[in-house]
Structure formats: structure tokens, C-alpha cells
Amino acid sequence: MAGASQIVEADIAEAIIATIETKSQKIESLLKHYKHIEALKTALDDSPPKTLDERCKSANWIVVHKVIMAIRDIDGMLNALGAEYYDILMKYLYRGLSTGDEPTCDQCLMIHEKLTERAGLGCILRCLSDTTNTV
């Protein structure tokens with residue numbers, strides 16, 4: 001019976017990856033047209049929840065990372081983004097900080113600082129206690 005559940009999990013993972021690939025193409029187009037906020041919202045929407053498949057998490061991180069690194073106006077981004085995205089963005093910022101890559105860490109740290117000022121410590125606590133969105 002375990003073999004059947006692994007096949008279902010693999011099918012679900014493949015579907016998630018296909019969705020992320022489609023999302024990635026849309027994000028590329030948005031970034032080319034300097035629509036960074038729309039690209040970030042698209043990247044954060046429908047993050048693969050409750051998946052244990054590292055390929056899915058990594059594929060979605062690559063998409064989100066590309067957008068995070070393209071953002072130059074952090075205050076403008078936070079003004080336009082909307083509070084409903086703050087918690088999931090915070091999770092991705094922690095993932096970025098954990099990479100150890102200096103440019104990624106610097107960008108994530110700058111966004112984290114501004115996001116914490118705006119959303120408060122509650123955003124950090126919700127992010128750390130969120131078990132639904134595993135990034």
C-alpha cells in the first residue's frame with residue numbers, strides 16, 4: 001500500500017512543478033515589463049502548501065528569489081503589496097537568509113527590516129508558527 005501512496009505523491013509533485021513552471025513564465029514576462037509588484041504577488045500566490053517534496057519547494061523558491069532580487073524600491077513594494085502577503089513573504093525572506101549567499105542575504109535582510117517595521121513582531125511569530133506553508 002505504501003507504494004501506491006508514493007505514486008500519488010509523485011503525481012501531485014509533478015503537477016505542482018508544472019504549475020510552478022507556468023507561473024515562472026508569467027513572472028518572467030511581468031519582470032520584463034517592470035511589473036515587480038504583480039510578479040511578486042504571482043510568485044507568492046499558491047505557494048505549494050504542505051508538500052514535503054523538496055523539488056516543489058526549491059522550484060517555488062527559485063521563482064520567488066528571482067522576484068525578490070529584482071525589487072529595488074522596498075517601501076514602494078510594501079505599500080503596493082498588501083498585508084495579506086506579508087506572512088508568506090516573511091517565510092521566503094527567512095529561506096533567503098538561510099542560503100548564506102551574500103547578495104540574497106543582504107536583499108532579504110533589507111526587506112525583512114522594512115517588513116518588520118510595517119507588520120510588527122506578530123508577522124514574525126505567525127511566520128515561525130505557520131505549518132501550512134512550508135517553503
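Helix H3 (residues 54–70) comprises 17 residues, which at 1.5 Å a residue should span 24 Å (the expected span being 1.5 Å times one less than the number of residues), and its end C-alpha atoms are 24 Å apart, in agreement. Helices are DSSP runs of H or I of at least four residues, numbered from the N terminus. The structure is a predicted model, in which local features need pLDDT of at least 70 and side-chain atom pairs count only at pLDDT 80 or more, whereas totals for chains, interfaces and linings use all residues. Residues are numbered from 1 along each chain as its sequence is written, and side-chain values use heavy atoms, with hydrogens and water left out.

The buried residues of H3 (buried meaning under 20% relative accessible area, exposed over 50% and partly exposed in between, with a 1.4 Å probe and protein chains only) include Trp61, Val64 and Ile68.

Salt bridges, defined as a side-chain nitrogen of Lys or Arg within 4 Å of a carboxyl oxygen of Asp or Glu, number 6 by this rule. One of them joins Arg55 to Glu14, with the closest N and O atoms 2.8 Å apart; this pair links helix H3 to helix H1 (residues 2–32) across 41 residues of the chain. Arg55 is partly exposed at 40% relative accessible area, as is Glu14 at 44%, and Glu14, Asp53 and Arg55 are linked in a network of salt bridges. Lys66 and Glu28 likewise meet in a salt bridge (2.4 Å, N to O), with Lys66 in helix H3 and Glu28 in helix H1, 38 residues apart.

Terms used: Helices (H or I, at least four residues) and strands (E, at least two) are DSSP runs, numbered from the N terminus.
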